[in-house]
Amino acid sequence: MVEYVEVGTAGRRASVRLTEVTLLVGTGKSLFLEILHQVLSNIGKKLPRLSKDWSLYMQSGDVSYSVIVRKRRVRQSVSVKGEEVVFEYIPEKSVHRLIKPIDIAVTSADVIMPEVKTEEHVSVVAEEEIERLNRLIAVAKKRFSVRTQILGPYINPRSLIDANTEQLTSLDRHGRNLPGVLSYLSLHKPTSYDSIRAALRKLGFSVSVGLAKPGKIGVLISTKDLKMPLFRAPCSIKSFLVIATALELNPDLLLVDNFDYCLTRKTAEAIATLLKQKSTKLIAEIHNEEVIDWLDLSNKSIVEIKL
């Protein structure tokens, strides 16, 4: 699990040591979450296209990873127990190299945490060194291969989706596909679905999912007196339902942009109750610092960043 993160852009840098719940205030909070999400969710894939210049450093125990992206040069570093492997990529010349601890051309240095693969003829000794370096990189990949879910900045679930949509096992960042995910949970993970319903009942609402009309799966919200399609539910209830569903999908890291949009003290307390039952770490961008008092959790922090 990631323990420490630094993000840089436009000459500014922000650092955060993660707790069970880390709330971000200040400027550039959304960019901080986006860079972290894009890197963690693309390990082994092409570097994401973000701002022109950006950097990320993250650490987990004795393993660290850094990437520095500039217009003309990208440098990545993997360190395991003090042993460092450094790659360099020059986009204009399509140059891909391993530059530390040995200097050789590699096939692809434009992916996150690349492997050492080369078409050059190398000695037996160099082959053994390449195998050793790839074992170090594999350790880093395993350490940072965390299941990450991002939500926001505006959560706006739909009431209906097509019934023929493939099984949905993850939420999009705005929660628009919530009916499909709830349908999946109700069929394949009923305990998780029941937990979501129980949490919502404590707020005075009930939720049900099913075939609303031919070819459509729908979500219905009800109180003692009213029944309504999901889109007519209070904003705080829609946001809570999406976040509660995200937690039941058991990500290692839940990133929420604009967390306090529509958040009330009551729904915040309900989210805190769910977090106590999970191993998921929450990193959330907020505007109202009172939110930290609404979350009855012992291991929490509020961090000001300036990007």
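So, α3 and α4: these two helices sit oblique to each other, because their angle of about 125 degrees falls between the 115 where roughly perpendicular ends and the 145 beyond which we'd call them roughly antiparallel. That's in a predicted model, by the way, so keep that in mind throughout. Helix α3 covers residues 178-188 and α4 covers 190-201, and their axes are 5 Å apart. Who makes the contact? On the α3 side you've got L182, L185, S186, L187 and H188. On the α4 side, look for P190, S192, Y193 and I196.

Okay, how confident is the prediction? The mean pLDDT of the protein is 94, with 98% of residues at 70 or more. If you go element by element, helix α2, residues 124-144, has the lowest mean, at 90. At the other end, strand β15, residues 253-256, has the highest, at 98.

Now, the sheet. It's an open one, 8 strands, with antiparallel pairing. Reading across, the order goes β2-β1-β4-β5-β6-β7-β8-β9. The edges are β2, at 12-17, and β9, at 104-105; each has a single partner strand, so one side of each has no neighbour in the sheet. There's also a helix on this sheet: α1, residues 29-40, packs there and touches β1, β2, β4 and β5. The direction of α1 makes about 65 degrees with that of β4.

Let me walk through a few of the pairings. Strand β1, residues 4-9, runs antiparallel to β4 over 6 bridges, and if you want a register marker there, E6 stands opposite Y57. Then β4, residues 54-60, pairs with β5, again antiparallel, over 7 bridges. For that pair I have two markers: W54 is across from V69, and Q59 is across from S64. The two strands form a hairpin with 2 residues between them, and G61 in the turn has a positive phi of about 60 degrees.

Keep going and you get from β5 to β6, residues 74-80: antiparallel once more, over 7 bridges. Here the bridge partner of S66 is S77. This is a hairpin as well, with 4 residues making the link from β5 to β6.

So are β4 and β5 buried or exposed? For β4, 5 of the 7 residues are buried, so to speak mostly covered. For β5, residues 63-69, the count is 6 of 7, which is why we can say that the strand is largely enclosed by the rest of the structure.

Last stop, helix α5, residues 235-248. It has 14 residues and spans 20 Å from the first C-alpha to the last, close to the 20 Å expected at 1.5 Å a residue. And α5 is mostly covered: 13 of the 14 residues are buried. After the helix comes N250, with a positive phi near 60 degrees.

That's my tour; let's open the viewer and take a look together.

Terms used
Residues are numbered from 1 along each chain as its sequence is written. This is a predicted model: local features need pLDDT of at least 70, side-chain atom pairs count only at pLDDT 80 or more; totals for chains, interfaces and linings use all residues. Side-chain values use heavy atoms; hydrogens and water are left out. The expected span of a helix is 1.5 Å times one less than its number of residues. Buried means under 20% relative accessible area, exposed over 50%, partly exposed in between (1.4 Å probe, protein chains only). pLDDT is the predictor's confidence in each residue, from 0 to 100. Two strands pair if DSSP finds at least two bridges between them. Contact means heavy atoms within 4.5 Å. Axes are lines fitted to C-alpha atoms, for helices over the stretch in contact, and angles run from 0 to 180 degrees between N-to-C directions. Angles under 35 degrees count as roughly parallel, over 145 as roughly antiparallel, 65 to 115 as roughly perpendicular and the rest as oblique.
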